[in-house]
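Visitor: Please take me through one part of this model slowly, starting from a single residue and working outwards to the pieces around that residue.

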Amino acid sequence: MDSMKILEDAKAYLMSDCQKTLEEANAHELHNAVSNAVMANIAPLWKKSRKMREDTRRAYYFSAEYLMGRMIYNNLFALGISDSMKTYLRERNIDFSLFDEVDDVALGNGGLGRLAACFLDSAATHDIPLDGYGLRYRYGLFSQRIERGFQKETADNWQKWGDPWSKRRDDETIPVAYGDMQVLAVPYDMPIIGYRSDTIGTLRLFQCEAIDGFNLSSFNNYEYFLALHDNNRAEIITSVLYPGDHTYDGKRLRLQQQYLLCSAGMQDILRRYKKKGRNILDFSAHCAVQLNDTHPTMAIPELIRLLMQEGLSFDDAFHLAEQTFSYTNHTVMIEALEKWDVNLMGSVVPQIYEIICRINNKLNTTLHTVNFPAQHINSMQIVQNSQIHMANLASYVCGHINGVAEIHTNILKQDVLKPWYDFTPEKFSNKTNGITQRRFLGLCNPRLTEFITRKLGTDAFLKNAEILTELRGHTDTASVEEFAKIKHENKKRLSDLILKETGLFMPPEFIFDVQIKRLHEYKRQLLNAFSIYTLYCDIKDGKIRDFTPTCFIFGAKAASSYPRAKGIIKYINELAKLINSDPHMQDVLRIVFVADYNCSYAEMIIPAADVSEQISPVGTEASGTGNMKLMLNGAVTLGTNDGANIEIARYAGYENNYIFSLNTPWGRDSGYNPRGIYDSNPSVRRALDTLINGTFSDEGSNIFRELYDATLYGASWHPADPYFILRDFDEYMEMKLKVNADYKDNISFYRKCLLNTAGAGYFSADRTVRDYAREIWHLDIKD
């Protein structure tokens, strides 16, 4: 790409659209102009990439989420023109960082959506024919404010300044029928630009619109009201990411969203296939469809329905679906496996409910034919207890089933999906998650990238992360000191940002201990907070001496309909207020909860982290990807023997990380007694009692009391201390203090950090996507 040509084209766009020069434009105007210029310049290559995929076997990724982040930085980096663009703008007294004002494209809630984005990036970079399908939500994941310590949500209107990275394709609009209405799925295409590659993939996002426009002059008031009502009913389907499902209307809207994605996506694929005049019976030889968790599982009966419309029998259509679909499971928690009420499904998409019942009948015929053990058959039913079990539907029809970390896949085989593993063991495989090192090293940590490039004599690791292992030969004292200096500079950059955003100063000389992830009880941010309160008390009492000063940094959003998670945010902010206002702690402890944590904030926090908190109970975190990003950027993992932590410790060395719960089995010991721990452990009791003894205020919301009762007494839907906060407290505290003590030997500690970076190559999404392409999608790809 010619940076100067893009800049000249941007100038033309600015004059045409805004009647402004480059120097006069604000951040959003300049962003739109540069983005439109890039889109125009990549158009021929994008068209060529589409054309090349028409006659080859290809794969499609169906996901309810895509956490794309701020796209302009990533796209300029992938095109290799970031540095020259910075230079050209600087010459005009324009700061490249003004694009920080641009909103993230946050069409995702966390790891699931960011994983999907990483996979598309890796596929484009390595010329793998993979495109994505999703939904173009009008409002992404909510914007978060913190008021008096409480999370407050506001709409994330990410399109308010325009959406220059998407192209509307009215010519490929698709009708979608529900039981009570028809709508249009209007596609918007986003380019996925491969790094140092001629390949540009496509993420197609569907926006729901009414099937008919209306002429106001031809309507009376009542007809106008009805037309407006129908228009609103259609548009609301893609209005917001993950509507709350605690009400009937919320559940109905989620089901409508999922069907829109599945129906529009499968119709689009089938249309593209038929356009070439191919035999419909060869459909599965042309394409593979990967379901990213159970949200897009209705694509299975939808494809069967569409194939039957083409004249195929149910059995032939079912056979093609078996050969087309694969299913990635992302959870081991039974309550998180999607289930839909049969009456709701029958009302929203009766045509799909009918086919699901036929699939269930076929399942029973098959199970009885092979004399499968009767004790398993009930749990394998797709339709049972007036609910449709989507994981069972996916497990039965899909030709491949994979987990996303070794421990996770083993739990699927041995417990969560055990009957399915016993029935068809050949379907199961592990595909440990990965991340793109281009965004989460090359783009967000240029200092470390330059350091690695000098040490290895190449920057080829940005396309082949496996060569990062060569860094193991560069852990001499001088190299470690240089690495530590880079970390300090990144900590200073983050400290400046936090000071600007919150008014709190985080000294870069402190340890930066980071927990950044979706707020959920199983991720145990509350355990971390209790441990910090214990540190505070023990330092004040003189029980802990010679403590290495530490900044604890939290970033998380709680689902708007999840009171306990929101209560934990309030607790962390109450704790921060106590510690940060204590003059005795100014040189010892700081704590901050950053508001509106998103992909762009992560790109600032991750390079600065010394310690990566990954403390979910053993067997609850399927994999994690934040742990990989932090490892890649040289943070040690303080975590449990859970998810991908196990593999991280293996590749970087257990001696270079801080792993606890090594001997803790997955699951719950029937004899577990959290009340006994509370009664016998003064530190546990002191921390837990802060929820009810007035140390911290929940301002009358009673949420702290609920957290306290849930831990000690349980609730109707779960046992006491469901995520083992009290059980793991002492072991966690011991490991936390060990990290703190080890940091005093700065060279030794940062050598561990550098060895984590050296061991991170395996966790590239490039490796993961190649494994999918070869072993699941059976694509013909280059080595």
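Visitor: Which residues does K463 touch, not counting residues up to four places away in sequence?

Guide: Before the answer, please keep in mind that this is a predicted model, in which local features need pLDDT of at least 70 and side-chain atom pairs count only at pLDDT 80 or more, while totals for chains, interfaces and linings use all residues. Residues are numbered from 1 along each chain as its sequence is written, and side-chain values use heavy atoms, with hydrogens and water left out.

With residues up to four places away in sequence set aside, K463 touches T125, H126, Y195, R196, Q437, R438 and D766, where a contact means heavy atoms within 4.5 Å. K463 itself lies in the loop between α18 (446-456) and α19 (477-502); helices here are DSSP runs of H or I with at least four residues, strands are runs of E with at least two, and both are numbered from the N terminus. With a relative accessibility of 25%, K463 counts as partly exposed, a class that falls between buried (under 20% relative accessible area) and exposed (over 50%), using a 1.4 Å probe and protein chains only. One of the neighbours, R196, offers its backbone oxygen, which the side chain of K463 reaches at 3.1 Å; this is within the limit for a polar contact, a pair of N or O atoms within 3.5 Å in which, within protein, one can donate a hydrogen and the other can accept it, residues adjacent in sequence counting only if both atoms are side-chain atoms. As a marker of distance, the C-alpha atoms of K463 and P373 are separated by 48 Å, although these two residues are 90 residues apart along the chain.

Two of the names in that list, T125 and D766, lead us to a pair of helices. The axes of helix α5 (residues 111-125) and helix α30 (residues 765-775) come within 9 Å and cross at roughly 80°, so α5 is roughly perpendicular to α30, a term for angles of 65 to 115 degrees. Each axis is a line fitted to C-alpha atoms over the stretch in contact, and the angle, taken between N-to-C directions, can run from 0 to 180 degrees. On the α5 side the contact is made by C118, F119, S122 and A123, and on the α30 side by A765, D766, T768, V769 and Y772, so that D766 appears both here and among the neighbours of K463. By class, the contact of α5 with α30 has 6 nonpolar, 2 polar and 1 charged residues; Ala, Val, Leu, Ile, Met, Phe, Trp, Tyr, Cys and Pro count as nonpolar, Asp, Glu, Lys and Arg as charged, and the others, Gly among them, as polar.

In the loop between α5 and β4 (130-135) we find D127, which has a positive phi of about 55° although it is not a glycine. D127 is partly exposed, with a relative accessibility of 31%.

Now let us turn to helix α29 (residues 746-758), where T757 is found. T757 counts as buried, at 0% relative accessibility, and its side chain reaches the backbone nitrogen of G634 at 3.2 Å. Not counting residues up to four places away in sequence, T757 touches L448, I452, L468, L471, F483, M631, L632, N633 and G634.

Helix α29 is also one of the elements against which the buried residues of α24 pack, the others being α15 (406-416), β21 (611-614), α23 (626-632), β22 (636-640) and β23 (658-660). In helix α24 (residues 645-652), 6 of the 8 residues are buried, so this helix is largely enclosed by the rest of the structure; the buried ones are N645, I646, E647, I648, A649 and A652. Just after α24, G653 takes a positive phi of about 105°.

To gather the walk together, K463 is a partly exposed residue in the loop between α18 and α19, with D766 among its contacts, whereas T757 of α29 is buried.

Key:
Parallel < 35°, antiparallel > 145°, perpendicular 65-115°, else oblique.
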